[in-house]
Amino acid sequence: MMKHYFFILIFFISFCFQAQNKRVDSVAIAILDRMTDIIGDLNSCSFQLERSLDVKNEFGWEKKYSIDEVYLQAPNKMLVEIEENQDHRGYWYNGELLVYYSFKENNYSVLEAPSTIIDMIDGIHQNFGIEFPAADIFYPEFTKDLMVEYDNIIYLGEKEIDGQVCYHIMAVDKNINLQLWISNSSYMLPKKMVVINKDENNKQYEVTFKNWQLNQEIPSTLFDFTPPPNAKNISIMIKS
């Protein structure tokens, strides 16, 4: 019932900010803010990511698929296990160290890391070029960043994804078309995200979020890496 009144209210006050050909739909912003607030209040969560990425071959775009298992415990613990294109790797973060491990090659690398998940993601990406898929939705400034980076943010109505009714939002600038589907439920969590690179012949990146588990008890030892037998400790070079 509270959710019902919430959306009656935002539709009554709905308007679009338009300046210098920029359109920002207030309904879209209200939905994004609500999603960000709910995610920001979680103590822990886990979910599965099903991803596809367009990769160029001699005939055109080829879809490459991967599956990620993600565990997060605020503010400073994370485990991501990735199965991607016959590659299997994992990242363990315990608030002090980030460990990368290749299941295929049985080697690992230990990196000093900042003391929060967000700072760790930023620092590791900047220094080593490591990306964590769909991490943007966990940033407290996610909505604000979209408003700064995109010319138009539009609410496209309700759509059904895998049997779940979702709010459909599009953010567009001259280079990127980003679309996000957010579940129409008490927990307004992301269901799907698609990024289309218009300046790269409409290259697409797609993420589907599945099996959300919220505020469950996750043993702290899950985030500590123990090297398997005969695993080799290797070094990862900082980006020049």
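What is the volume of the largest cavity? About 130 Å³. The model on screen is predicted, and this tour starts inside it.

**Stop 1: the cavity**

Select Val70, Met78, Phe132, Pro133 and Ala135, which are the closest to the centre of the largest cavity among the 15 residues that line it. The structure holds one cavity of 30 Å³ or more. Next, colour strands S3, S4 and S5 (77-84) together with helix H3, since each of these supplies at least two residues of the cavity lining. By class, that lining divides into 14 nonpolar residues, no polar ones and one charged.

**Stop 2: the largest pocket**

Keep Phe132 and Ala135 selected and add Glu131, Ala134 and Asp136. These five are the closest to the centre of the largest pocket, out of 35 lining residues. The space in this pocket is about 990 Å³. Its lining is made up of 20 nonpolar, five polar and 10 charged residues.

**Stop 3: the second largest pocket**

Clear the selection and pick Ile39, Leu42, Ala74, Ile117 and Phe138. They lie nearest the centre of the second largest pocket, which is lined by 14 residues. The volume here is about 270 Å³. To see where the lining comes from, show helix H2 (26-40), strand S3 (44-57), strand S4 (60-73) and helix H3 (117-128), each of which gives at least two residues. Nine of the lining residues are nonpolar and five are polar, while no charged residue takes part.

**Stop 4: the nonpolar cores**

In soluble globular proteins, nonpolar side chains tend to be buried together. For the largest nonpolar core in this model, select Leu32, Leu98, Met120, Phe132 and Ile153, the residues that touch the most other members of a set of 55. Helix H2 gives the largest share of this core, with eight residues. Apart from the largest core lies another, of nine residues, including Val99, Tyr101, Ile218 and Phe223.

Return to Leu32 and show what surrounds it. Beyond its neighbours within four places in sequence, Leu32 is in contact with Phe142, Thr143, Leu146, Ile153, Ile169, Leu180 and Ile182. Leave Leu180 on display for the next stop.

**Stop 5: Met193**

Select Met193 in strand S12, which runs over residues 190-197. Is Met193 buried or exposed? Met193 counts as buried because its relative accessibility is 7%, under the 20% cut-off. Draw a distance between the C-alpha atoms of Met193 and Leu180: the two residues are 13 apart along the chain, and the separation is 4.5 Å. With neighbours within four places in sequence left aside, Met193 is in contact with Ala134, Leu178, Gln179, Leu180, Trp181, Tyr205, Glu206 and Val207. Ala134 was also selected at the largest pocket, as one of the residues closest to its centre.

**Stop 6: Asn107**

The last selection is Asn107, placed in strand S8 (residues 107-112). Asn107 is buried, because its relative accessible area of 11% falls under 20%. Which side chain makes a polar contact with the side chain of Asn107? It is that of Glu105, at 3.1 Å. Now show the residues that Asn107 touches when those up to four places away in sequence are not counted: Tyr100, Tyr101, Ser102, Lys232 and Ile234. Of these, Tyr101 has appeared before, as a member of the core of nine residues.

How values were computed. Residues numbered from 1 in each chain as written. Predicted model: local features only at pLDDT ≥ 70, side-chain atom pairs only at ≥ 80, totals over all residues. Heavy atoms only, no water. Helix = DSSP H or I, 4+ residues; strand = E, 2+ residues; numbered from the N terminus. Buried < 20%, exposed > 50% of the residue type's maximum accessible area, 1.4 Å probe, protein only. Polar contact = N/O pair within 3.5 Å; in protein donor to acceptor, adjacent residues only side chain to side chain. Contact = heavy atoms within 4.5 Å. 1 Å grid on protein atoms, 1.4 Å probe; cavity = no way out; pocket = protein on both sides within 12 Å on 5 of 7 lines; lining within 4 Å. Points joined across faces, edges and corners; volume = space filled by probe spheres on them. Nonpolar A, V, L, I, M, F, W, Y, C, P; charged D, E, K, R; others polar. Core = buried A, V, L, I, M, F, W, Y, C linked by side-chain atoms within 4.5 Å.
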